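Please work through the exercises below with the sequence and the coordinates open beside you. Each task is followed by a solution that proceeds step by step.

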Amino acid sequence: MTVDLVIFTVRQDELQVLLIERGNEPYRRCAALPGGFVRDGETLDEAALRELREETALDGRKLHLEQLHAYSDPERDPRGRIITVAYLALGPDLPLPVAGTDAAAAQWMPVSTALGGGMPLAFDHAAILRDGLERARWQLEHTTVAAAFCPEPFTVGDLRRIYEAVWGFKLDPSNFRRKVTRTDGFLEPTGERRFPEVGRPAALYRRGVASLLIPPLLRSSEVPVGR
């Protein structure tokens with residue numbers, strides 16, 4: 001059994017995924033999600049945290065980390081019947097990763113590039129990445145996890161750009177502000193403001209106590225800017 005990790009962050013207002021260059025066969029020198037075999041005596045969570053640390057030098061305890069799905073297609077790995085459990089990890093503007101152990105390199109890549117077809121991913125990692133993307137989009141609709149992408153304190157504009165990066169379209173600023181500031185427990189005002197070089201000062205917030213969005217902030221209810 002193996003674990004694989006779909007790790008998302010938002011850098012330069014673009015959703016990016018962490019990919020490694022495999023240093024070993026099969027798929028040597030191909031791009032892949034970080035991951036590896038579960039060791040004797042390890043739980044799945046422990047294996048995911050260890051692989052993340054060994055292959056990228058990132059501390060998964062500082063990220064939003066959850067199980068995504070189990071993948072069991074008998075043909076998914078040329079080495080034989082290997083089942084993998086994928087994890088979804090989210091974090092704010094994460095640093096450049098450092099490759100280690102069996103990873104020849106590690107880098108952040110725009111999700112649009114990784115799924116664009118010009119650079120095939122090893123194993124069934126393209127399918128896992130697509131599932132991770134849809135889970136992240138669903139999480140932003142129904143939970144407050146979007147704040148996990150924002151270094152605190154943050155503005156409503158910072159939060160809106162997270163939604164835009166993950167959902168893939170621009171949102172109306174006034175409509176978005178009204179919805180998120182009226183949702184109980186989503187945002188907690190700090191009482192402070194950010195003073196930009198140009199424009200009006202913006203109120204600063206931190207993540208509130210709520211974990212679920214009631215009512216949800218559905219993509220289908222949002223009208224992309226320009227339409």
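The exercises that follow treat aromatic pairs, nonpolar cores, helices and some backbone features.

This is a predicted model, in which local features need pLDDT of at least 70 and side-chain atom pairs count only at pLDDT 80 or more, while totals for chains, interfaces and linings use all residues. Residues are numbered from 1 along each chain as its sequence is written, and side-chain values use heavy atoms, with hydrogens and water left out.

**Exercise 1. Describe the aromatic pair of Tyr 27 and Phe 123, and place both residues in the fold.**

Step 1. Rings of Phe, Tyr and Trp (its six-membered ring) pair if their centres lie within 6.5 Å, and planes under 30 degrees apart count as stacked, over 60 as edge-to-face and the rest as tilted. By this rule the model has 4 aromatic pairs. Tyr 27 and Phe 123 form one of them, with 4.8 Å from centre to centre and 65 degrees between the planes, and the pair is edge-to-face.

Step 2. Helices (H or I, at least four residues) and strands (E, at least two) are DSSP runs, numbered from the N terminus. Tyr 27 lies in the loop between strand 2 (14-22) and strand 3 (31-32), and Phe 123 in the loop between helix 2 (111-114) and helix 3 (125-142), so the pair ties together parts that are 96 residues apart in sequence.

Step 3. Buried means under 20% relative accessible area, exposed over 50%, and partly exposed in between (1.4 Å probe, protein chains only). Phe 123 is therefore buried at 14% relative accessibility, whereas Tyr 27, at 31%, is partly exposed.

Step 4. Consider the backbone as well: Phe 123 has a positive phi of about 55 degrees although it is not a glycine. In the loop that holds Tyr 27, a cis peptide bond joins Glu 25 and Pro 26, with omega about 0 degrees. Arg 29, placed between strand 2 and strand 3, is not a glycine either, yet has a positive phi of about 75 degrees, and its relative accessible area of 57% makes Arg 29 exposed.

**Exercise 2. Identify the residues with the most contacts inside the largest nonpolar core, and the element that gives the largest share of this core.**

Step 1. A nonpolar core is a set of buried Ala, Val, Leu, Ile, Met, Phe, Trp, Tyr and Cys residues joined through side-chain atoms within 4.5 Å. The largest such core has 44 residues, and those with the most contacts inside it are Phe 8, Leu 159 and Tyr 163.

Step 2. Among the elements that give two or more residues to this core are strand 1, strand 5 (64-71), strand 6 (84-90), helix 4 (156-167) and helix 5 (173-181). The largest share, 7 residues, comes from helix 4.

Step 3. Another core, of 19 residues, lies apart from the largest one and includes Val 3, Leu 18, Ala 122 and Phe 123.

**Exercise 3. Determine how helix 4 and helix 5 pack, and which residues make the contact.**

Step 1. Axes are lines fitted to C-alpha atoms, for helices over the stretch in contact, and angles run from 0 to 180 degrees between N-to-C directions. Helix 4 and helix 5 pack at an angle of about 105 degrees, with their axes 10 Å apart.

Step 2. Angles under 35 degrees count as roughly parallel, over 145 as roughly antiparallel, 65 to 115 as roughly perpendicular and the rest as oblique. Helix 4 and helix 5 are therefore roughly perpendicular to each other.

Step 3. Contact means heavy atoms within 4.5 Å. Helix 4 contributes Val 156, Leu 159, Arg 160 and Tyr 163 to the contact, and helix 5 contributes Pro 173, Phe 176, Arg 177, Val 180 and Thr 181.

Step 4. Return to the rings: ring pairs link Tyr 163, Trp 167, Phe 169 and Phe 176 into a cluster.

**Exercise 4. Characterise the surroundings of Leu 52 and of Asp 13.**

Step 1. Leu 52 has its place in helix 1, and at 0% relative accessibility Leu 52 is buried. Leaving aside neighbours within four places in sequence, Leu 52 is in contact with Leu 5, Ile 7, Ala 57, Leu 58, Asp 59, Gly 60 and Leu 63. Of these, Ala 57 follows just after helix 1 and takes a positive phi of about 65 degrees.

Step 2. Asp 13, in the loop between strand 1 (2-11) and strand 2, is exposed, with a relative accessible area of 53%. With neighbours within four places in sequence left aside, Asp 13 is in contact with Arg 161 and Ala 165. The C-alpha atoms of Asp 13 and Arg 161 are separated by 6.4 Å, although the two residues are 148 residues apart along the chain.
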